[in-house]
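Welcome, and thanks for taking a look at this one with me. Below are a few numbered points to help you find your way around.

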Amino acid sequence: MWHLAYSTSLHGSSLKSLYRKLNGSDSPVLMVIKDSLNQVFGSFLSHPLRPSETFYGTGETFLFMLHPRFKCFRWTRENSFFIKGDLDSFAIGGGSGHFGLWLDETLYLGRSSPCYTFNNCCLSERDDFHVIELEVWTFW
């Protein structure tokens, strides 16, 4: 069963609130983002978002684009930079100073760049984007 654990329209735009909503969960996470250009994209995370000193997660993590086209970016085995969070931002995928998906603490400013972890393209039409809606789903 799917459970909506966090939504910016219901819970506000705060990374700390997102961490609190996921605290204690060990479920994989589906994160879906709609940006100001009506692009829809996101990530499936093997583990919930949490503050961490190092990257964590497994090769089950992947990035995807949903609208206007569908494309999935799976683990390349180049590195294990899956998920990393701190109080200022979180990142999914990395390598050579670039993150596949990065969001700031307000969950409003984001960036997507090609990264070695997933060999992805930019998930949005532009590298830097503004989040209109973010949803995080867990599985029970």
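1. Let's begin with a helix. This is a predicted model, and in it the buried residues of α2 pack against five strands: β1, β2, β6 (83–85), β7 and β10. Which residues of α2 are buried? They are Leu15, Ser17, Leu18, Tyr19 and Leu22. An α-helix has 3.6 residues a turn, so residues three or four places apart point the same way. You can follow that spacing from Leu15 to Leu18 and on to Leu22. Just after α2, glycine 24 takes a positive phi of about 90°.

2. Next, the nonpolar interior. The largest nonpolar core has 30 residues, and Ile33, Leu49 and Phe90 are the ones that touch the most other members. Elements that each supply at least two residues of this core include the helix α2 (15–22) and the strands β1 (2–7), β2 (29–35), β3 (40–45) and β4 (62–67). Further along the chain, β7 (89–92), β8 (101–104) and β10 (128–139) do so as well.

3. Phenylalanine 90 deserves a closer look. Setting aside neighbours within four places in sequence, phenylalanine 90 is in contact with Leu15 and Tyr19, both of them buried residues of α2. The other contacts of phenylalanine 90 are Met31, Leu49, Lys84, Gly85, Leu101, Trp102, Leu103 and Leu107.

4. Now move to valine 32, which is found in strand β2. With neighbours within four places in sequence left out, the contacts of valine 32 are Val40, Phe41, Phe64, Leu66, Glu133, Leu134 and Glu135. For a sense of scale, the C-alpha atoms of valine 32 and serine 46 are separated by 15 Å, and the two residues are 14 apart along the chain.

5. Charged pairs make a short list: there is 1 salt bridge. Arginine 111 forms it with aspartate 128, and the closest N and O atoms are 2.6 Å apart. Because arginine 111 belongs to strand β9 (residues 109–111) and aspartate 128 to strand β10, the pair ties together parts that are 17 residues apart in sequence. Are these two partners buried or partly exposed? Arginine 111 is partly exposed, with a relative accessible area of 37%, and aspartate 128 is partly exposed too, at 46%.

6. Aromatic rings offer plenty to explore, with 8 aromatic pairs in the count. Why is the pair of tryptophan 2 and phenylalanine 139 edge-to-face? Their ring centres are 5.4 Å apart and their planes stand at 75°, so the pair is edge-to-face. This pair links distant parts of the chain, since tryptophan 2 is in strand β1 and phenylalanine 139 in strand β10, 137 residues apart. Tryptophan 2 counts as exposed at 55% relative accessibility, whereas phenylalanine 139 is partly exposed at 27%. Both belong to one aromatic cluster, together with Phe44, Phe62, Phe64 and Trp137.

7. Two arginines also sit over rings. The charged end of arginine 74 is placed over the ring of phenylalanine 62, 5.0 Å from its centre, and phenylalanine 62 is a member of the aromatic cluster. The charged end of arginine 50 lies over the ring of tyrosine 56, 3.8 Å from the ring centre.

8. Finally, the database view. An unreviewed UniProt entry carries the annotation "domain: TLDc" for residues 1–140. In the model, the end C-alpha atoms of this span lie 5 Å apart, and the span is 9% helix and 39% strand.

Technical notes: Residues are numbered from 1 along each chain as its sequence is written. This is a predicted model: local features need pLDDT of at least 70, side-chain atom pairs count only at pLDDT 80 or more; totals for chains, interfaces and linings use all residues. Side-chain values use heavy atoms; hydrogens and water are left out. A nonpolar core is a set of buried Ala, Val, Leu, Ile, Met, Phe, Trp, Tyr and Cys residues joined through side-chain atoms within 4.5 Å. Buried means under 20% relative accessible area, exposed over 50%, partly exposed in between (1.4 Å probe, protein chains only). Helices (H or I, at least four residues) and strands (E, at least two) are DSSP runs, numbered from the N terminus. Contact means heavy atoms within 4.5 Å. UniProt positions are given in the numbering used here, feature names are shortened, and annotations may be inferred rather than shown by experiment. A salt bridge is a side-chain nitrogen of Lys or Arg within 4 Å of a carboxyl oxygen of Asp or Glu. Rings of Phe, Tyr and Trp (its six-membered ring) pair if their centres lie within 6.5 Å; planes under 30 degrees apart count as stacked, over 60 as edge-to-face and the rest as tilted. A charge sits over a ring if NZ of Lys or CZ of Arg is within 6 Å of the ring centre and within 35 degrees of the ring normal.
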